[in-house]
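Work through the exercises below with the model open. Try each task before you read its solution.

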Amino acid sequence: MTTYEDFAGREILPLWEGPDPVNVPMIRHWAEAMGDRNPIYRDDAAARATGRPGIVAPASMMQAWTMRGYAATAEGPDAGARTGAAAGARELDALLEKDGYTSVVATDSEFEFHRELVAGDRVSVREVVESISPEKSTALGAGRFVTTVRTYTDQDGEVVAVQRWRLLRFRPKEARAPRPRPAVNRDNAFWFEAAREHRLVIQRCAGCGTLRHPPGPCCPHCGSFDWDAAEASGRGQVYSFVVNHHPRHPAFEYPLIVAVVELDEGTRLVTNLVGVEPGEVEIGMPVVLDWLDADPDLSLPVFRPQSGIAA
């Protein structure tokens, strides 16, 4: 059985020639995108004035000349074999994925440049595994650092650059997805701001005193646009409820009890019930306010049974 130690010194990408020769248009696009105004990348006379044979490619473009491109990568499962990915690379990927290291992040890239590239050069690359670390604990999750050496050569087989490339292949830590964000607008922003302070408020018409929820710009009873807010007691009863099993969203725990709670003040709101099993919920069950701090910017009211009502 192949182990990680077996990959040390193993070629995972045989010599692969990049799809395009070094060319001035790509150099110009790169320099413009990077905001690099060095004239040796744009002006032939300026480059020759420095003793160069003409326009040269930025050293940072070295890897770009051997990239296969999106289309070749996305063509299908055999695209890698047709465009240079070796069996060794596929075997290493399979071993890492089997052990749960399904995520990847680049950590280091060290280049040694032997000469500048000029228009017409054809760049090829070969990649060999230098080392694979034992499993390490990282902030992203447990993983292994895979270090490879990429050797870049020109059309004559001369080395133009050597790159030491290190990736972290890791097993991502389990983390709950962020709570979906509510639709906050000018009419209800006050309500969510109060919730962040763990205050449950109800919009109140300043004209006739009628409480209303959800918030809106106009009183449905007297038509007044003037309003203030009253603070709720946090007590109420279950008016209706459903137990949601599907479809599942990773931000929630299931089964998920979604209830309409009628507050003692008379208004109703849609919320979650916590601290109770679905089979214990009853219409009319007294409940009290609690708070769910979903993230630093979002707190939401939830309700739980009053003490002694449910086990």
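Two exercises follow, on a sheet and on a residue.

The model is predicted: local features need pLDDT of at least 70, side-chain atom pairs count only at pLDDT 80 or more, and totals for chains, interfaces and linings use all residues. Residues are numbered from 1 along each chain as its sequence is written, and side-chain values use heavy atoms, without hydrogens and water.

**Exercise 1.** Find the order of the 3 strands in the open sheet with β7, and its edge strands.

Step 1. Strands are DSSP runs of E, at least two residues, and helices are runs of H or I, at least four, both numbered from the N terminus. Two strands pair if DSSP finds at least two bridges between them.

Step 2. The order is β8-β7-β9, with antiparallel pairing. The edges are β8 (211-212) and β9 (227-231), each paired on one side only.

Step 3. Strand β7 (residues 201-205) joins β9 over 5 bridges. Arg204 has Asp228 in β9 as its bridge partner.

**Exercise 2.** Is Thr147 buried or exposed, and which side chain does its own side chain join in a polar contact?

Step 1. Locate Thr147: it lies in strand β5 (residues 141-153).

Step 2. Buried means under 20% relative accessible area, exposed over 50%, partly exposed in between (1.4 Å probe, protein chains only). Thr147 has 3% relative accessibility, so it counts as buried.

Step 3. A polar contact is a pair of N or O atoms within 3.5 Å; within protein, one must be able to donate a hydrogen and the other to accept it, and residues adjacent in sequence count only if both atoms are side-chain atoms. The side chains of Thr147 and Arg166 make one of 2.9 Å.
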